[in-house]
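Biologist: Could you take me through the charged pairs in this model, one at a time, and tell me what surrounds them? I'd like a close look rather than a quick tour.

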Amino acid sequence: MIPRFDRVERVAHWTTAALFGVLMLTGAVLYAGPFSAMFGRRELFRQVHVYAGILLPLPVLLGAAGRWGAQLRSDAGRINRWTRDDARWFRRRNRARPGRVDVGKFNAGQKLNASFFAGAVVVMLATGLMLRWPNPFSNDLRTGATFVHDWFAFGIWMAVLGHIYFAIRDPVALGGMTRGTVTPYWARTERPAWYREMTGEQSERLEGRTPR
Amino acid sequence: MDGTPVGRRVFLGLLGVGAAGIVLGSNVQRWLEREVGPYLAKDGTGLSGLLPIGRFRIYSVAGSMPHRGHDEYRLHVSGLVDQPLTLTYRDIRAMTPTGLTRDFQCVTGWRVFAVKWKGVRLADVLDRAGVQAGAKALRFKSFDGTYTESLTLKQARRQDVLVAYELEGEELSDAHGGPVRLYIAPMYGYKSIKWLDRIEVTDAVVPGYWEERGYDVDAWVGRSNNRDDNAP
């Protein structure tokens, strides 16, 4: 088995996921009339939503801080950097022949997903704080913050559902985030460049002809 | 490291979109409600009601959605009055109606443009009970069992303060505070108590539910909760 995510990364991921779950569900109760009506207790849901929101960035920030965060920081760097292969990955039509694209530890979809969540969390936190403590802001800015918080929430619901869908479709990849390891076969076929890096195997680079 | 920092660009791009949305959001919202709102109103599935366009958010602080039918509904007026009242829904309907069309502004930011209300003036209800000398304020209670609100007598006598029973030409639903609620046009939404049960005339203002939790008692739109610009 090949190690993929270390303990710090996995704890950070699942703590963040749990907070996301709490925020999405309490958010739905606060936002959607039928749920608000069903559950009531607005003050309680509001408190839980606000505290979960404030805690949201902490797992990843704490995970990335200090000596224990080396791999998380390194993976964040990988997610940031895009190569020609990432552009190829988006253009390719045939998923059955992943070898055409020399994918590293993360494919372009995962990179986009992670970057989206990083940005969305900051935007939600900023607008959320404006809604919770609106006093310094004009009515127009409050309306604007509500507008942004609402539409980003829709985007986040889509992204989370998509994220879970892809994880369920690829149990080995999911295992990388639960047990922390993946099979060599998966690594070699799905993440060839990363496989070479991890095993030192000098298998020939899977040259990517750009699919037309 | 090789490669282009696309991840950072996506991240910063989202922050840019977010910031632009905060600044321009109220204009975009207004545009959406004018251009898209009419189509959503025709959607029969009700799914579009989930989109943040032209919609009220239903705030309830109690454990469940209160319900009271027209026949069992009573509005109690008590305290410093000559004659305590118990009005039925029919009694209220029989009084001179007043219509108002105003924006509904929540203190947290959402706004519904040009909402049509109908009801009777709170001032008329007070006159019917006869307010005694020495009375200074009103305390409202909701039949949700939790929510309370307040107004000074002077505020309550304004022409744009209604005991409302219709919203957009329809009888108030449970979610919107029916069968009878308050609508205080010049103030933030939290002042317009839903599921109105009781009006007590008092000699001093008693802060309401959200006011005990930090909101201003005098909740003029645009001139309270730390704002001093003019109402929209």
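Modeller: Buried residues account for 46% of the 212 residues in chain A. Bear in mind that this is a predicted model. Chain A carries eleven helices and two strands, and from the N terminus its elements follow the order β-α-α-α-α-α-α-α-α-α-β-α-α. If you take the contacts in chain A between residues at least 6 apart in sequence, 68% of them join residues at least 24 apart. The accessible surface of this chain is about 11200 Å², with 67% of that belonging to carbon and sulfur atoms.

Now for the charged pairs. Side chains of opposite charge can pair when their charged atoms come close. Searching the whole structure turns up 16 salt bridges over all chains. Let's start with helix α3 of chain A, residues 42-55. Here the side chains of A:Glu43 and A:Arg46 form a salt bridge, at 3.4 Å from N to O. These two are three residues apart in the helix, so about one helical turn separates them. An α-helix has 3.6 residues a turn, so residues three or four places apart point the same way. Both A:Glu43 and A:Arg46 are buried, and they have company: the buried residues of α3(A) also include A:Phe45, A:His49, A:Val50 and A:Ala52. The helix has the length you'd expect, because its 14 residues at 1.5 Å a residue should span 20 Å and its end C-alpha atoms are indeed 20 Å apart.

You'll find a second pair in helix α6 of chain A, residues 84-91. A:Arg88 and A:Asp85 meet there in a salt bridge, 2.8 Å from N to O. Again the partners are three residues apart, so they sit about one helical turn from each other. A:Arg88 has a relative accessible area of 11%, so it counts as buried, and A:Asp85 is buried too, at 8%.

Chain B gives you a pair that reaches across the sequence. B:Lys141 makes a salt bridge with B:Glu200, with the closest N and O atoms 3.3 Å apart. B:Lys141 is in strand β5 (residues 137-142) and B:Glu200 in strand β10 (residues 196-202), so this pair ties together parts 59 residues apart in sequence. B:Lys141 is partly exposed, at 29% relative accessible area, and B:Glu200 is partly exposed as well, at 22%. Back in chain A, salt bridges with shared partners link A:Asp75, A:Arg78, A:Lys105 and A:Glu197 into one network.

A polar residue in chain A deserves a look as well. A:Asn107 sits in the loop between α6 and α7 and is buried, with a relative accessible area of 10%. A polar atom of its side chain lies 2.8 Å from the backbone nitrogen of A:Gln110. Beyond its neighbours within four places in sequence, A:Asn107 contacts A:Asp86, A:Trp89 and A:Arg191.

Last, the nonpolar side. In soluble globular proteins, nonpolar side chains tend to be buried together. The largest nonpolar core here has 57 residues, and those touching the most other members are B:Trp117, B:Leu122, B:Leu138, B:Phe140, B:Val163 and B:Leu196. Strand β7 of chain B (residues 161-167) supplies the largest share of this core, six residues. Leaving out residues up to four places away in sequence, B:Leu196 touches B:Lys141 from the chain B salt bridge, and its other contacts include B:Phe140, B:Val163 and B:Val180. Another core lies apart from that one, with 24 residues, among them A:Ala52, A:Leu56, A:Met124 and B:Leu32.

Conventions. Residues are numbered from 1 along each chain as its sequence is written. Chains are lettered from A and ligands numbered from 1 in the order in which they are written. This is a predicted model: local features need pLDDT of at least 70, side-chain atom pairs count only at pLDDT 80 or more; totals for chains, interfaces and linings use all residues. Side-chain values use heavy atoms; hydrogens and water are left out. A salt bridge is a side-chain nitrogen of Lys or Arg within 4 Å of a carboxyl oxygen of Asp or Glu. Helices (H or I, at least four residues) and strands (E, at least two) are DSSP runs, numbered from the N terminus. Buried means under 20% relative accessible area, exposed over 50%, partly exposed in between (1.4 Å probe, protein chains only). A polar contact is a pair of N or O atoms within 3.5 Å; within protein, one must be able to donate a hydrogen and the other to accept it, and residues adjacent in sequence count only if both atoms are side-chain atoms. Contact means heavy atoms within 4.5 Å. The expected span of a helix is 1.5 Å times one less than its number of residues. A nonpolar core is a set of buried Ala, Val, Leu, Ile, Met, Phe, Trp, Tyr and Cys residues joined through side-chain atoms within 4.5 Å. Accessible areas come from the Shrake-Rupley method with a 1.4 Å probe; for residues, only the protein chains shown count as cover.
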